[in-house]
Amino acid sequence: MTEKSIKKVLQRHRLSGDCHMITFQLEFQLLEIQNEESLSSVITDLSIIMEPTEYSELSEFVSRAEERRDLFMFFRSLHFFVEWCEYRKRTFKRFKEKYPEAVHLSEGASSSCMGIRSPSRPGFELVIVWRIQIDEEGKVLPKLDLLTKVPLQALELDKNGVIETAPLSFRTLLGVLGIEATLESLIKSLHTEASN
């Protein structure tokens with residue numbers, strides 16, 4: 001299309017690819033507008049199709065990227081999301097191999113939850129829930145929470161509320177030690193107790 005020294009070109013593109021274990025297909029329209037001084041391009045339509053994955057966090061992110069027609073955010077965030085998933089997988093796997101009697105991965109190495117059990121205290125378990133979130137701006141952040149599974153008897157004996165405040169203490173420990181050192185200290189505290 002040409003309008004009085006302004007040239008407009010609409011291009012349709014289709015792109016397929018994968019980022020580690022995530023396969024996707026992009027379809028988008030690119031409108032190029034050229035006048036005497038400049039050339040600008042804008043994405044006018046974006047559709048992202050992803051193979052089904054176990055990562056529920058991605059569906060909301062994909063919708064947001066489509067809505068904003070932001071290919072850069074899509075690629076950048078997907079890259080960092082996959083890196084965090086790989087890091088979580090390697091970390092959980094390492095702890096499972098190092099402490100096989102204490103660490104339990106309910107969904108295997110790709111699990112987003114890691115259970116830590118005390119061999120000497122049946123019924124007592126700490127569960128680390130490690131989600132990977134993508135915020136409104138596409139920033140990828142790990143979010144770790146601690147859940148406690150404790151027999152009712154133990155709760156009744158916990159007069160100082162240690163079990164109740166454990167999730168908050170866990171978050172504080174994460175801020176001080178980092179992810180791996182915090183997980184290691186939790187596992188060792190239950191593992192050492194069982195060895196005594």
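Let me begin with a term: a salt bridge here is a side-chain nitrogen of Lys or Arg lying within 4 Å of a carboxyl oxygen of Asp or Glu. With that criterion, a search of the whole structure turns up 12 salt bridges, and I will come back to several of them once the fold is in place. Please keep in mind throughout that this is a predicted model.

First, the overall layout. The protein chain contains five helices and eight strands, and, read along the sequence, these follow the pattern β-β-β-β-α-α-β-β-β-β-α-α-α. Of its 196 residues, 34% count as buried, and the chain exposes about 12,000 Å², with carbon and sulfur atoms supplying 53% of that area. If we take the contacts with a separation of 6 or more, residues 24 or more positions apart account for 47% of them.

Now to the sheet that I would like you to look at. It is an open sheet of four strands in the order E5-E6-E7-E8, and the pairing is antiparallel. Strand E5, residues 103–104, and strand E8, residues 140–149, stand at the edges, and because each has a single partner strand, one side of each is left without a neighbour in the sheet. As a reminder, strands of a sheet pair through backbone hydrogen bonds, either parallel or antiparallel.

Inside the sheet, strand E6, residues 113–117, runs antiparallel to strand E7, residues 125–134, and five bridges join the two. Two positions let you find the register on the screen: Ile-116 stands opposite Leu-126 in E7, and Met-114 has Ile-128 of E7 as its bridge partner. On the other side of the discussion, E7 and E8 pair in the antiparallel sense over 10 bridges, and one position to look for is Gln-133, whose bridge partner in E8 is Leu-141. The hairpin formed by E7 and E8 has five residues between the strands, and there Gly-138 takes a positive phi near 90°.

How much of E7 is buried? Eight of the 10 residues of this strand are buried, so E7 is largely enclosed by the rest of the structure. Helix H2, residues 71–98, lies across E5, E6, E7 and E8, and runs at about 165° to E7.

That brings us to the nonpolar core. The largest one has 45 residues, and those with the most contacts inside it are Phe-74, Phe-81, Met-114, Ile-128 and Leu-183. Helix H2 gives the most to this core, with nine residues. You will recognise Met-114 and Ile-128 as the bridge partners mentioned a moment ago. If we set aside residues up to four places away in sequence, Met-114 touches, among others, Phe-92, Phe-95, Val-103, Leu-126, Ile-128, Leu-183 and Ile-187.

Let me return, then, to the salt bridges, taking three pairs in turn.

The side chains of Arg-64 and Glu-60 meet at 3.5 Å, N to O. These two residues are four apart in helix H1, residues 57–68, and are therefore separated by about one helical turn. Is each partner buried or exposed? Arg-64 is buried, with a relative accessible area of 8%, whereas Glu-60 is exposed, with a relative accessible area of 54%. The pair also belongs to a wider arrangement, in which Glu-60, Arg-64, Arg-68 and Glu-136 are linked in a network of salt bridges.

The second pair is Lys-149 with Glu-125, whose side chains meet in a salt bridge at 3.9 Å, N to O. This pair links distant parts of the chain, with Lys-149 in strand E8 and Glu-125 in strand E7, 24 residues apart. Lys-149 is partly exposed, with a relative accessible area of 47%, while Glu-125 is buried, with a relative accessible area of 10%.

The third pair is Asp-145 with Arg-171, at 2.2 Å, N to O. Here too the pair links distant parts of the chain, namely Asp-145 in strand E8 and Arg-171 in helix H4, residues 162–177, which are 26 residues apart. At 16% relative accessibility Asp-145 counts as buried, because the cut-off for that label is under 20%. Arg-171, for its part, is partly exposed, with a relative accessible area of 40%.

How values were computed:
Residues numbered from 1 in each chain as written. Predicted model: local features only at pLDDT ≥ 70, side-chain atom pairs only at ≥ 80, totals over all residues. Heavy atoms only, no water. Pairing = 2+ DSSP bridges. Contact = heavy atoms within 4.5 Å. Axes fitted to C-alpha atoms, helices over the stretch in contact; angles between N-to-C directions. Core = buried A, V, L, I, M, F, W, Y, C linked by side-chain atoms within 4.5 Å. Buried < 20%, exposed > 50% of the residue type's maximum accessible area, 1.4 Å probe, protein only. Areas by Shrake-Rupley, 256 points an atom, 1.4 Å probe, with all protein chains shown as cover.
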